[in-house]
Amino acid sequence: MEARLIDTEALRLEALRQYQILDTEPEEAYNNLDQLAAFICGTPISLVNFIDENRQWFKAKVGLDTSEMPRCVGLSYLCQEQLKVVVIPDTLADEKLANNLAVTGYPYIRFYAGVPLITPKGDMLGTLCVIDQIPRELSEKQVEALVALSRLVIDQLELRRYIAEVSQITEKLMGQEQEARAESEAAKIHIAN
């Protein structure tokens, strides 16, 4: 069973790397989705984060001063374990979560709601989450909106990958065209002699 989990994690990490998103510059589309999540849920903190072997890296963030956290800190692992929306109205009311370093220290998470970012192939790459330093609840409509925003994050990732693939194909075709021109010129010179 443990070998299967390791294989699944290796496949998940490979899928994450294929998107070439880690450690990239901020992008307006992700920032806008993140701001919308914070606005819709009325929270001071919102994150679009991707989870690699060691960390949660924040592609977009509202209300947080850091660009990443260790993977074992924070609550995004709950979305990864459950592969569904996770809403925790009060972290201190949960014995297991009350001692989490992100609860007892910065950013002092008391409320957490996260949606896993799952690719069309079923790989969980990270989360779209909203956080507050006070307990709160979300309405059903707010949760639905978070889920819709998470799909838009995935759409952005898919668009990013598509553009990269088109760019690679274009470069390859341009290289082939240059080779064909060079061969054509060489053939003209050969025929002329």
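**A six-stranded sheet and its cores**

In this predicted model, the largest nonpolar core has 25 residues, and the ones touching the most other members are I21, V48, F50, L146 and L157. Helix 1 (2-18), helix 2 (28-41), strand 1 (45-51), strand 2 (55-62), strand 5, strand 6 and helix 5 (140-192) each chip in at least two residues. Helix 5 gives the largest share, with five. That sits well with a general habit: in soluble globular proteins, nonpolar side chains tend to be buried together.

**Around the cores**

- Take F50, one of the best-connected members of the largest core: what does F50 touch once its neighbours within four places in sequence are left aside?
- Those contacts are L16, I21, L22, R55, Q56, W57, K59, L117, L125, G126, V153 and L157.
- There's another core too, lying apart from the largest one and made up of 20 residues, including F58, L64, C79 and L97.

**The sheet as a whole**

- Six strands make up an open sheet, running in the order 3-2-1-6-5-4 with antiparallel pairing.
- Why do strand 3 (68-70) and strand 4 each have one side without a neighbour in the sheet? Both stand at the edges and have a single partner strand each, so one side is left without a neighbour.
- From one strand to the next, the twist averages 20°.
- Helix 2 packs on this sheet and touches strand 1, strand 2 and strand 6. The direction of helix 2 makes about 75° with that of strand 2.

**Strand 5 and its partners**

- Is strand 5 (residues 111-118) largely enclosed or largely open? Seven of its eight residues are buried, so the rest of the structure largely encloses it.
- On one side, strand 5 runs antiparallel to strand 4 (residues 86-88), and three bridges join the two.
- Two of the residue pairings here: V87 has A113 as its bridge partner in strand 5, and I88 has Y112.
- Strand 6 (residues 124-132) is the other antiparallel partner, joined to strand 5 by eight bridges.
- Within that pairing, G114 stands opposite C129 of strand 6.
- Strands 5 and 6 form a hairpin, with five residues between them.
- In the turn of that hairpin, G122 has a positive phi of about 95°.
- As a reminder when looking along any of these strands, side chains in a regular strand alternate between the two faces of the sheet.

How values were computed
Residues are numbered from 1 along each chain as its sequence is written. This is a predicted model: local features need pLDDT of at least 70, side-chain atom pairs count only at pLDDT 80 or more; totals for chains, interfaces and linings use all residues. Side-chain values use heavy atoms; hydrogens and water are left out. Buried means under 20% relative accessible area, exposed over 50%, partly exposed in between (1.4 Å probe, protein chains only). Helices (H or I, at least four residues) and strands (E, at least two) are DSSP runs, numbered from the N terminus. Two strands pair if DSSP finds at least two bridges between them. A nonpolar core is a set of buried Ala, Val, Leu, Ile, Met, Phe, Trp, Tyr and Cys residues joined through side-chain atoms within 4.5 Å. Contact means heavy atoms within 4.5 Å. Axes are lines fitted to C-alpha atoms, for helices over the stretch in contact, and angles run from 0 to 180 degrees between N-to-C directions.
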